[in-house]
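Q: Can we go through this structure together? I'm new to this.
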Amino acid sequence: MLALLGFLMIVTFLFLVITKRLSVVVAFIGVAIVFALIAGFGPEMGEMMMAGILKVTPTAVMIVFAILYFGLMIDVGLFDPMINRILTLVKGDPLKVVLATAVITILVGLDGDGSSTFMVSVTAMLPLYIRLGMSRLVLACVVALAAGVMNIIPWGGPLVRAAASLQVEVADLFIPLIPVMIAGLLWTLFSAYLLGKRERARLGVIVLEDPATSVAELAATTVEQKGVSKIYWFNLFLTIVLMALLVMDILPIAILFATAFAIALVVNFPDAQKQQDQILRHANNFVMISTMVFAAGIFTGIFSGTGMMDAMASTLVSVIPESLGSHMPVIVALTSIPMGLVFSPDAYYFGILPILSETAAGFGIDPVEIGRAALLGHSTAGFPLSPLVPATFILIGLVGVNFGEHQKFLFKWAFGTCVVMTIAAVLTGAITL
C-alpha cells in the first residue's frame, strides 16, 4: 500500500510540475501533505517535515552565500579584464573565436546561473560571429557545452537539487566530481577546437580593420555603470584562495562562502547602505532557489518518514535483475540525457532520483554515487538540450536559431560530454562500474 501511494505521489507531483498546474514549491508542499494524510499520518507529519528541512538547511545556506559572492565579483568586474583580453586576442580567426567562446562561457558560468551565463556569453560573442559570417549554431553549441559542464558547480541548480533530494552533503557529491568536471571541460575545449577548425576551413582567417568590433563594450558595461572596484587583485586573490579551500574541504562550503562574501563585501563596499544594496541586488536569485530547497526538504521528509520511499525501492529491487543492479550508476549516467528531455530538472531530481537511489541501495550502492551519476548526464548534456528548461530558450532566442536545429546540432557533442565524463568518473572512482 505504501509503495502504491509513493508511486502515485511521484506521478501526481510530476504531472502538476510538467503541466505547470502548480509551481514547484506549492507542488512539493501540497502533494506531500495530501498523500501523508491519505496514508493515515496526522500531527507526526510536522516532525517529518522539520527533519527534512533541517537536512537541507546547509545546502540552502551555501546557495545564498555562493550566489551573493559570485554576484558581487561579477558586479565589480573581476572577470571583465580576462574576457576583454580574450576578445582582443581572437581578432578574425574563427578557430580562436570559437575557443574564446568556450573559455568565456566557463568563466561566466562560475556564477551558477544558466540564464545569466547564456546572456553574458552570447552578448559578448554574437557580434563577432555575425561580423565574420560564422555559424550561429556553433555559437549556441559551444556555449551550451561549456555551460552544461559548469552546471555541476556546488552552487548551481542541479547539484543543489541532487543534494537536497538525496539529503546528502554537497561536498560528498562535488569533491569526487572535480577531476570528472575537468575532463568535461577538456572535452568542451576539444569540441570547440574541432568546430572552430571547421569554421576556419569554411571561412578562412578574416582581417578586420577594427579587431575589437566593439565586442568588449558588449561583453561588459562600463566601469562607471558597474561600480567596478579598484582592488581587482585583492578580489582575484580572495577568489583563488576560496577555490583552493573549497577543494581542500577544510571547512563546510557554506562557511567558506559566507566568510569570503563578508570579507569581499566590506572591502569592496565600505559603506553600510551600499552593502545592503548589493545584497538586495541578488536577493531574487537566492530567495527563489533556497525556497525551492526548503520545500523539497518538506517533500523528501514526508516521502522518507512515511516509509513510502523504502517501500517503493523494495518493490523495484524485487523486479530488477541482479546483473543490472550492480551497474546502476553507469546506467543512470547514460540514461539521464533522455530523462532530461522528458522530465524537468525539478521533476527528475526530486521525483525520479530518490527512487533510483533507494533502488540502488538495495544492491549495496551508495546513494551518493547515483547522485553523481545523474549529474553526469542530466545537468551537463540534458540541461542545454531539454525543452523543459527555460534557460534553453533564452539561449536559442539570443543566438537566433531554431530549437530543432539546435537540438540536432548539439546532441552528438552533448552526448560525447556525458560519455567522456562517465568514463572519467569510473576511472577516478567517483562512480563504480
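A: Sure. Start with a term: contact means heavy atoms within 4.5 Å. Among contacts in the protein chain between residues at least 6 apart in sequence, 82% join residues at least 24 apart.

Q: What kind of model is this?
A: This is a predicted model: local features need pLDDT of at least 70, side-chain atom pairs count only at pLDDT 80 or more, and totals for chains, interfaces and linings use all residues. Residues are numbered from 1 along each chain as its sequence is written, and side-chain values use heavy atoms, with hydrogens and water left out.

Q: How many helices and strands are in the protein chain?
A: The protein chain has 23 helices and zero strands. These are DSSP runs, numbered from the N terminus: helices are H or I with at least four residues, strands are E with at least two.

Q: Which residues of H5 and H10 make the contact?
A: From H5, Leu95, Val98 and Ala102 are among them. H10 gives residues including Thr188, Leu189 and Ala192.

Q: Where is Thr188 found, and is Thr188 buried or exposed?
A: Thr188 sits in helix H10. Thr188 is buried, with a relative accessible area of 1%. Buried means under 20% relative accessible area, exposed over 50%, partly exposed in between (1.4 Å probe, protein chains only).

Q: What does Thr188 touch?
A: Not counting residues up to four places away in sequence, Thr188 touches Ala102, Leu145, Ala146 and Val149.

Q: Back to the protein chain. What share of residues is buried?
A: Buried residues make up 57% of the 433 residues.
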